[in-house]
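Visitor: I should like to understand how the parts of this structure are arranged. Would you guide me through it step by step?

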There are 2 protein chains.
Amino acid sequence: MGTTSKALTLLDYFTRQQHEIGLSDLARLSGTNKATCFRLMTELQDHGLIEQTLAKTYRIGPAVLRLAALREATVPTRDAAMPVLQALARATGETAHMSHLVAGRLVTLAFAYAPNHAIKVMMEDADVLPFHATSSGMAVLAHLPKDQQASTLALPRIGLTPNTMLESGSIQAEMVQVKAVGWAETADTFEVDVASVAVPLFDCNAACIGAVAVAAPTTRLHGAARADIILRTIKAATEIMSLQGGAAPVTVQRLWRAILTQERAPA
Amino acid sequence: MGTTSKALTLLDYFTRQQHEIGLSDLARLSGTNKATCFRLMTELQDHGLIEQTLAKTYRIGPAVLRLAALREATVPTRDAAMPVLQALARATGETAHMSHLVAGRLVTLAFAYAPNHAIKVMMEDADVLPFHATSSGMAVLAHLPKDQQASTLALPRIGLTPNTMLESGSIQAEMVQVKAVGWAETADTFEVDVASVAVPLFDCNAACIGAVAVAAPTTRLHGAARADIILRTIKAATEIMSLQGGAAPVTVQRLWRAILTQERAPA
DNA sequence: CCCGTTGGTTTATTATATGAACCGATGGTT
DNA sequence: AACCATCGGTTCATATAATAAACCAACGGG
């Protein structure tokens, strides 16, 4: 592996749960030599990607803000999707969110809450979603190239609830199902009492790059409400893709058109 | 220079003006060998910091969005400053903005417009500001450690208007003046007819990390309005610092207190 | 048909990254 | 107070990774 990759890999250890890490800890976590880790972090620090606190711990630096602003100016992903997500949340009365595939991981980039329920599903930006336990993950996984599916399935999985799928076989069966209907659904697999519906997003090459999803308490994702949510999520996905110059593969487009025209969600 | 630094330096060539760059162009711009450039870009791409368009040009990738969200979750710089800037813009009727020092450069991180004027100063996120031609730049430069001042002054400067200061001598004289009053002011040095007032920001170590500024058409930055803007900008800066756990050096605090208590801007 | 340019690849050479051991400082524990 | 573990950071011989010139094939005018 290249030195640059090693340095950039160090950034991955900073998460919402652990956003400040000391040198020795980071060296241990990443399995790098302490001296190497120090040198790499110093280099990241010189460019503002990392900064050090008073307590000498490292954290993500301010340079990423400039890069993110530049990214949004170049490809307005988040800014373009935000109003669509807000409309989706308002219309469904539930939590809407969008995740993108970044370097093989599914990252939450934006979300919107609905005001009309006391109980709602809460989200965090920059969260990394497990493929096997979320509808977004399954929606994306099902539409990935075979090799990426295989490498993703080869990763270790953890059971977040009693309902989480763990065996490759059942996940692959679900992937077939997801691909056959054009959207994905999970209930109580990520967290108990949380269910969600997800629709994949594609770029201009018809390659799957993420998903739009609506998450709700399991008890509210039934019957007519559920059917409505499925329709609206598909519409939101197509809208976001048109804003970003993406397009679903024709096979998926056909599935969606069928669902939208019959104005009813299939089994 | 380390390999990682070389790779990260490549990111700096992506600007608001030039946000997509081809391989040969980038190799030329950065002075790196084309093969090296390719390898480094591929590595950045593997981590999502860079992505390639259909036309094979490179651009900033989606991973920076995750990092930026994580940064804001760790240190809510932008999110915390935004309401203060909006209030400042509303109260002054002009454009307010905040810039931070990132890896030796001054980067615009947030701004807010006022609704009440047809003519206003426009801003862009992620812009890099020249120290010698902006009030924010001078405010920061004046409060930097001597060695950083020297290295900044050693950089080449360009004259953006006939009024832009270019000689080190006049810039250093201005720095003394800025440090003596605790804030900075420029008129027609960045762009003709644009004037601005800036107040430095400090972190918890009392090290200067950026500035808050109000920019207005030169004709509107006079008399009572100017005095009011100076007061409000100082108040906004102290507010932002208290939100972020920073504090100005006692010398600067004294200057500000004097200005605020006499409720009048000094010459 | 040619010529210049593009993105990308190969190769021997060389410069850079690496990691064990070390340092001084800090903070509990006995 | 002596001890010990751990912290962030440094040193230096060794080994690995980065480098750059030359080379592709493909594309687009003139």
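The questions and answers below concern the two protein chains, the DNA strands and one sheet.

Guide: Please bear in mind that this is a predicted model.

Visitor: What kind of rotation axis relates the two copies?

Guide: Chain A can be laid on chain B with an RMSD of 0.1 Å. The operation is a turn of 180° with a shift of 0.0 Å along the axis. The copies are therefore related as by a two-fold rotation axis.

Visitor: Which residue of chain A comes closest to the rotation axis?

Guide: The distance is taken at the C-alpha atom, and its value is 2.3 Å. Of the residues of chain A, the one that comes closest is A:Thr4.

Visitor: How many residues of chain A are in contact with chain B, and which element gives the most?

Guide: On each side the contact involves 41 residues. The elements of chain A that give two or more residues to this side include H1, H3 and strand S2 (58-60). By class, the side of chain A that touches chain B has 23 nonpolar, ten polar and eight charged residues. The count for chain A is thus 41, and the element that gives the most, with eleven residues, is H4(A).

Visitor: What share of the contact residues of chain A recur in chain B?

Guide: Chain A is laid on chain B by a turn of 180°. The same surface serves both copies, and the share of contact residues of chain A that recur in chain B is 100%.

Visitor: Are H1(A) and H1(B) roughly parallel or roughly perpendicular?

Guide: Two packed helices are described by the angle between their axes and the distance between the axes. The axes of H1(A) and H1(B) come within 8 Å and cross at roughly 75°. Angles of 65 to 115 degrees count as roughly perpendicular. H1(A) is therefore, with respect to H1(B), roughly perpendicular.

Visitor: Which residues of H1(B) are met by residues of H1(A)?

Guide: By class, this contact has two nonpolar, four polar and no charged residues. H1(A) contributes A:Thr3, A:Thr4 and A:Ala7. The residues they meet in H1(B) are B:Thr3, B:Thr4 and B:Ala7.

Visitor: Which helix gives the most to the surface near DNA strand C?

Guide: DNA strand C is surrounded by 20 residues, with A:Ala35, B:Gly2, B:Gly22, B:Ser24 and B:Ala35 the closest. Both chains take part: elements supplying at least two residues include helix H3 (34-46) of chain A and helix H2 (23-30) of chain B. By class, there are five nonpolar, nine polar and six charged residues. With five residues, the helix that gives the most is H3(A).

Visitor: Which helix supplies the largest share of the surface near DNA strand D?

Guide: Here, too, 20 residues surround the strand, the closest being A:Gly2, A:Gly22, A:Ser24, A:Ala35 and B:Ala35. They divide into five nonpolar, nine polar and six charged. The largest share, five residues, comes from H3(B).

Visitor: Which are the edge strands of the open sheet in chain B?

Guide: Six strands form this open sheet, and their pairing is antiparallel. Their order is S5-S4-S3-S8-S7-S6. Each edge strand pairs on one side only, and these are strand S5 (128-129) and strand S6 (184-187) of chain B.

Visitor: What is the bridge partner of B:Ala96 in S8(B)?

Guide: Strand S3 (residues 95-102) of chain B runs antiparallel to strand S8 (residues 208-217) of chain B, and six bridges join them. In S8(B), the partner of B:Ala96 is B:Val214.

How values were computed: Residues numbered from 1 in each chain as written. Chains lettered and ligands numbered in written order. Predicted model: local features only at pLDDT ≥ 70, side-chain atom pairs only at ≥ 80, totals over all residues. Near = placed C-beta within 6 Å. Helix = DSSP H or I, 4+ residues; strand = E, 2+ residues; numbered from the N terminus. Nonpolar A, V, L, I, M, F, W, Y, C, P; charged D, E, K, R; others polar. Contact = placed C-beta atoms within 7 Å. Pairing = 2+ DSSP bridges. Axes fitted to C-alpha atoms, helices over the stretch in contact; angles between N-to-C directions. Parallel < 35°, antiparallel > 145°, perpendicular 65-115°, else oblique. Least-squares fit on C-alpha atoms with pLDDT ≥ 70 in both.
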